[in-house]
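Colleague: Before we discuss terminology, please show me the model. I should then like to ask how its labels are justified.

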Amino acid sequence: MFGKKLKVEVVPATEYTDFSDRLKEEGNKYATKRTMVVAASIPLLASVPYIINRFTTTTTIAPVMTPPTVTEPALNVFSQAPELIPVTMSTPIPSNTGLIADKSLDILAHALDPLIQILVAISFPIASVIMVGACFFFMFGNSEKAWDMIMKAGLGYVLIQLSPLFFDILREVGKTI
């Protein structure tokens with residue numbers, strides 16, 4: 001078995017590259033030069049009307065109108081005297097800063113809403129992929145890891161879906177304080 005030498009036989013290329021016998025037996029299933037020329041000329045012939053239309057029609061360019069010039073009356077700035085504003089010293093009126101604080105807190109509270117909405121939207125596909133991947137562990141005989149992955153993916157999905165509710169609760173608690 002190991003001591004025998006194999007004989008190497010050289011086969012001419014025409015024996016394994018010539019497929020002319022198939023054309024005779026099975027008909028014209030293969031492309032010939034004629035069918036290749038016809039197939040290559042179809043797109044060219046289909047584009048001939050477009051090319052003729054493109055070169056025979058002339059395009060006209062509309063002239064660009066310049067906007068009319070507007071002349072403004074000349075004003076002498078120095079001829080007008082500014083009005084004097086009387087300044088009286090009195091106690092300043094306190095402004096309501098609570099309104100500004102409420103608005104800024106409201107803006108900060110809603111700043112993460114788009115991110116939370118994106119996370120809620122993509123949580124189902126990601127959890128599904130993780131669960132399908134866990135099913136492969138069942139196939140490989142590692143059912144303990146599979147159940148662990150399925151439980152963690154399910155818990156993560158539920159928590160992400162409930163995260164807007166948690167943020168609303170935190171927002172309400174912040175308003176009461």
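**Helix α6 and the aromatic pairs**

Modeller: Helix α6 bends by about 45 degrees at Ser-163, and a proline, Pro-164, follows within four residues; the bend is the angle between axes fitted to the seven residues ending there and the seven starting there. This is a predicted model, in which local features need pLDDT of at least 70, side-chain atom pairs count only at pLDDT 80 or more, and totals for chains, interfaces and linings use all residues. Residues are numbered from 1 along each chain as its sequence is written, and side-chain values use heavy atoms, without hydrogens and water.

Colleague: How do you know that the span of α6 agrees with its 34 residues?

Modeller: The expected span is 1.5 Å times one less than the number of residues. For residues 143–176 that gives 50 Å, and the end C-alpha atoms are 48 Å apart, which agrees.

Colleague: What makes the pair of Phe-124 and Tyr-157 edge-to-face?

Modeller: Rings of Phe, Tyr and Trp (its six-membered ring) pair if their centres lie within 6.5 Å; planes under 30 degrees apart are stacked, over 60 edge-to-face and the rest tilted. The count by this rule is two aromatic pairs. For Phe-124 and Tyr-157 the centres are 5.9 Å apart and the planes at 65 degrees, so the pair is edge-to-face. Because Phe-124 lies in helix α5 (residues 113–139) and Tyr-157 in α6, the pair ties together parts 33 residues apart in sequence.

Colleague: Why is Phe-124 called exposed?

Modeller: Buried means under 20% relative accessible area, exposed over 50%, and partly exposed in between (1.4 Å probe, protein chains only). Phe-124 has 52% and therefore counts as exposed, whereas Tyr-157, at 28%, is partly exposed.

Definitions and conventions: Helix = DSSP H or I, 4+ residues; strand = E, 2+ residues; numbered from the N terminus.
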